[in-house]
Amino acid sequence: MKNKLWMIFMGFLIALATACSSGGGEPSESAKDSVNPAGKTVVTWSVQQASSFYETAKRKFEEKHPDIELQIQVTEDYEQYQKTTNTAILSGKGPDIFEISSLPLKDYVNKNLLLNMEDLMEQDKTLNKSDLQMNILNAIKSNDGLYAMPFGFYLRAFVGDGDILGNARIDDRNWTWKQLEEISKELGATGAERRYAMAGEAPEFRMQEMVVDRYAEFVDSEAKKAMFDSPLFVDAMQQIKAMYDNKVMTSEQADAGMQMFYSTVLRSPADFINDLHLYFSNPKLLQKPEQKGGARMVLASQFAIQARSSVKEEAWKFIAFMLSEEGQSLQERQGFSLLKSVNEKQLDDIQEQVENGTYKTPEGKTPQVSKDEFAQFKAFIHAANNSSAAAGKVISIVGEESMAFFSEQKTAEEVAKLIQNRVTTYLNE
């Protein structure tokens, strides 16, 4: 499970005519190829990886819109996809819809290369706007517009052991890592064996996770400015190291019941049960220390429509289909739904099974979950509004360089300067 969470984290380590014209520019050279020999309008959709979900989405969409052919273009090589797609978009060519997760969305928006989907969404009569998880869509806006659309999302959650925390007074809306350290020292020493606050991850991983959560404090993406050589970052490194040195946290895997908290990624409503009950029989869903607002969302992929596409209307029809109940209910789709009704139905079905004792976790456990907890799960989804613009390369640099500090080969100031220099070079490439 830890490896899967790491992959998710790194992977994680961001009227039609009137709206269509808002992207500006002349139609792309794809106009001449927009109709196939059968007379169908061709919409090209570029993705980074082949997926059975994409194939299912294509088939279902074409069944609903027999006058449109959706052509999936796959570039398996990550760096090649970035290079070729970026070149095509900057030249006004390339696909009509494309995966933008690893591309400079903000730069494209500033150059009017992407279609603003917000107006289209408002005007589309096929969509039930009141059912959309607008907390998610509002959080990923750029320049007050919606230029990229996910088909699902994950949620980063922080979980505590409700049994050992007991009546501990934790204001998790305002607490700090220092307070977590103090609580862990006090409660962790009360049993027969010392309990860790968190276990199973190296300090450089904790450092990376912290930077993702607080990315705007260390990187101004628009100004292409890094701020890792600041006392704020140095203090954060020193604090994490102190927690490992003082055995509040450990890189070693802890036996069941030997840690008090853990951070996880929830990938579906079922994970409110399965993941939260992985280590604790009485899990407590908390806000992560020093996190402001609601939970942080993790977007595996997002899709944009090229502003110069000659088939913007048809391209939007596909995006709208993917936001419909049919599109959001496709079994192959991963993550929480962008429709409140789909998420709540899944939770209601799980609650019914839990209450009648038929629900089993993957480990075969029969969880005990109250009605109040299910209400909290729903509120947790609706309150999620944190979207990190963290660049994967920057997070990798933080992990690579901070290892030298945690292994005591370099000082915190030396490592901060190295990170500052490398990230500055990357931002200005």
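Biologist: Before we look at Asn112, what counts as partly exposed?
Modeller: Partly exposed lies between buried, under 20% relative accessible area, and exposed, over 50%. This is a predicted model, by the way.

Biologist: So is Asn112 buried, exposed or in between?
Modeller: Asn112 has a relative accessible area of 46%, so it counts as partly exposed.

Biologist: Where is Asn112 placed?
Modeller: Asn112 is in the loop between helix 5 (105-110) and helix 6 (117-123). Its phi is positive, about 60°, although Asn112 is not a glycine.

Biologist: Why point out the sign of phi?
Modeller: Because most residues other than glycine have a negative phi. Glu290 also has a positive phi, near 65°, and is not a glycine.

Biologist: Which loop holds Glu290?
Modeller: The loop between strand 10 (283-286) and strand 11 (296-298). Glu290 has 26% relative accessibility, so it is partly exposed.

Biologist: New topic, the open sheet. What is its strand order?
Modeller: The order is 2-1-3-12. The sheet has four strands, and the pairing is mixed.

Biologist: Which strands sit at the edges?
Modeller: Strand 2 (68-74) and strand 12 (303-305). Each of them pairs on one side only. On average, neighbouring strands here are turned by 20° against each other, ignoring direction.

Biologist: How do strand 3 and strand 12 pair, parallel or antiparallel?
Modeller: Antiparallel, over three bridges. Strand 3 covers residues 97-99. Glu99 has Phe303 of strand 12 as its bridge partner.

Biologist: Which strands does helix 4 touch?
Modeller: Helix 4 (residues 78-90) packs on the sheet and touches strand 1 (41-47) and strand 3. The direction of helix 4 makes about 145° with that of strand 3.

Biologist: And which strands does helix 14 lie across?
Modeller: Strand 1, strand 2, strand 3 and strand 12. Helix 14 (residues 312-323) runs at about 55° to strand 1.

Biologist: Now helix 10 and helix 12. At what angle do they pack?
Modeller: About 140°, with the axes 10 Å apart. Helix 10 is residues 203-213 and helix 12 is residues 231-245. The two helices are therefore oblique to each other.

Biologist: Is that crossing left-handed or right-handed?
Modeller: The crossing of helix 10 and helix 12 is right-handed.

Biologist: Which residues make the contact?
Modeller: Helix 10 brings Pro203, Arg206, Met207, Met210 and Val211. Helix 12 brings Phe233, Ala236, Met237, Ile240 and Tyr244.

Biologist: How many of those are nonpolar, polar or charged?
Modeller: The contact of helix 10 with helix 12 has nine nonpolar residues, one charged and no polar.

Conventions: Residues numbered from 1 in each chain as written. Predicted model: local features only at pLDDT ≥ 70, side-chain atom pairs only at ≥ 80, totals over all residues. Heavy atoms only, no water. Axes fitted to C-alpha atoms, helices over the stretch in contact; angles between N-to-C directions. Parallel < 35°, antiparallel > 145°, perpendicular 65-115°, else oblique. Left-handed = near helix turned anticlockwise from the far one by under 90°. Contact = heavy atoms within 4.5 Å. Nonpolar A, V, L, I, M, F, W, Y, C, P; charged D, E, K, R; others polar. Pairing = 2+ DSSP bridges. Buried < 20%, exposed > 50% of the residue type's maximum accessible area, 1.4 Å probe, protein only.
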